[in-house]
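Hi everyone, thanks for coming. Please take a moment to look at the sequence and the 3D view, and then we'll walk through a few places together.

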Amino acid sequence: MTSLGGASEERGGEFATASRIRDAAIARFARDGFRVGLRTIAADAGVTAGLIVHHFGSKDGLRRACDERLLEIMRREKEKALTDGTGTMLLAQMAQVEQFAPMVQYLLRSMQAGGELAAQLIEHMISDAEAYLSAGEAAGVVRPSRDRAARTRYLAYQATGSMLLWFTLHGADAEPEKFPALFRRYMEELALPALELFTDGLLVDRSMLDEYLMYVPDPPSAAPNAADPDGTAS
């Protein structure tokens, strides 16, 4: 029994160390970008570079672990917002936006760096977004779409693109201690127009959509009724 308990504690200790390394890497990558070396991250985490390799295999492996943590937090917070659908939930999340600042700055660094890992991260974000938008449809909070996958991809590109542009203009390279205030400013500037657009729409009628659907050779079928969470037509 003692040996089993000791093994369990050892695994728990290794998990805590790996989490500490990962969190230190997120903060350092967010601050300095992805050219930073493992020794710098190791110093931040209070470990050796060799221990990072032991846990993650390589710098790319560490970055993938950081990406997974980012995706996990995004899924959790987005699904809460899109299945609850109340102003109370929205305001509660906005009251705590500063806590997400390191993740946002990390995402910006990834988009700025580009490359295969950034592309994989965005594709994972889109896949997750389709899942939580579907959950929002099932909860009766989000309107169904005639092309759920295409709508999800558009929203993801719109959100990440506008974020990248805004922070490029207003301080993507801000020091970590200043970035949370910058992120709050971004959220407060865009919250009202975004909510109005998503809630009330933009165009006064559907004539442009109807004419476009007549123009394209094989338009998707009409969106299913909101009561059909599996996406089948009613």
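**Salt bridges, helices and distant neighbours**

Let's start with a pair of side chains: K80 and E77 meet in a salt bridge, with 3.3 Å from N to O. Before I go on, please keep in mind that this is a predicted model. Where do K80 and E77 lie? Both are in helix α4, which covers residues 59-84, and they sit three residues apart, about one turn of the helix.

Now stay with E77, please. The side chain of E77 also meets that of R76 in a salt bridge, this time at 3.0 Å from N to O. So we have E77 with K80, and E77 with R76.

Are these residues buried or partly exposed? E77 has a relative accessibility of 14%, and because that is under 20%, E77 counts as buried. R76 counts as partly exposed, at 39% relative accessibility. K80 is partly exposed as well, with a relative accessible area of 34%.

How many salt bridges does a search of the whole structure find? The count is 15. Another one of them joins the side chains of D210 and R206, at 2.7 Å from N to O. Here D210 is partly exposed, with a relative accessible area of 32%, and R206 is partly exposed too, at 46%. There is also a network to find on your screen: salt bridges that share partners join R28, D32 and D44 into one network.

Next, let's turn to a pair of helices. When two helices pack, we describe them by the angle between their axes and the distance between those axes. Please find helix α7, residues 115-138, and helix α8, residues 148-170. Their axes come within 9 Å and cross at roughly 120 degrees. What do we call that arrangement? The crossing angle makes α7 oblique to α8. The crossing of α7 past α8 is right-handed.

Which residues make the contact? On the α7 side, they include I122, M125, I126, A129 and L133, along with E123, E130 and E137. On the α8 side, among them are R148, R151, R153, L155, A156, Y157 and T160. If you sort the residues of this contact by type, you get nine nonpolar, three polar and six charged.

Finally, let's look at two residues that meet others from elsewhere in the sequence. M94 belongs to helix α5, which covers residues 87-94. At 17% relative accessibility, M94 counts as buried. Which residues does M94 touch, leaving aside its neighbours within four places in sequence? They are R184, M187 and A191. M94 and A191 are 97 residues apart along the chain, and their C-alpha atoms are separated by 9.4 Å.

The other residue is E98, which you'll find in the loop between α5 and α6. E98 counts as partly exposed, with 31% relative accessibility. Apart from its neighbours within four places in sequence, E98 is in contact with P180 and R184. Its C-alpha atom is separated by 8.4 Å from that of F179, and those two residues are 81 apart along the chain. Did you catch R184 in both lists? R184 is in contact with M94, and R184 is also in contact with E98.

That's my tour, and I'm happy to go back to any of these places on the screen.

Key. Residues numbered from 1 in each chain as written. Predicted model: local features only at pLDDT ≥ 70, side-chain atom pairs only at ≥ 80, totals over all residues. Heavy atoms only, no water. Axes fitted to C-alpha atoms, helices over the stretch in contact; angles between N-to-C directions. Helix = DSSP H or I, 4+ residues; strand = E, 2+ residues; numbered from the N terminus. Parallel < 35°, antiparallel > 145°, perpendicular 65-115°, else oblique. Left-handed = near helix turned anticlockwise from the far one by under 90°. Contact = heavy atoms within 4.5 Å. Nonpolar A, V, L, I, M, F, W, Y, C, P; charged D, E, K, R; others polar. Salt bridge = Lys/Arg side-chain N within 4 Å of Asp/Glu carboxyl O. Buried < 20%, exposed > 50% of the residue type's maximum accessible area, 1.4 Å probe, protein only.
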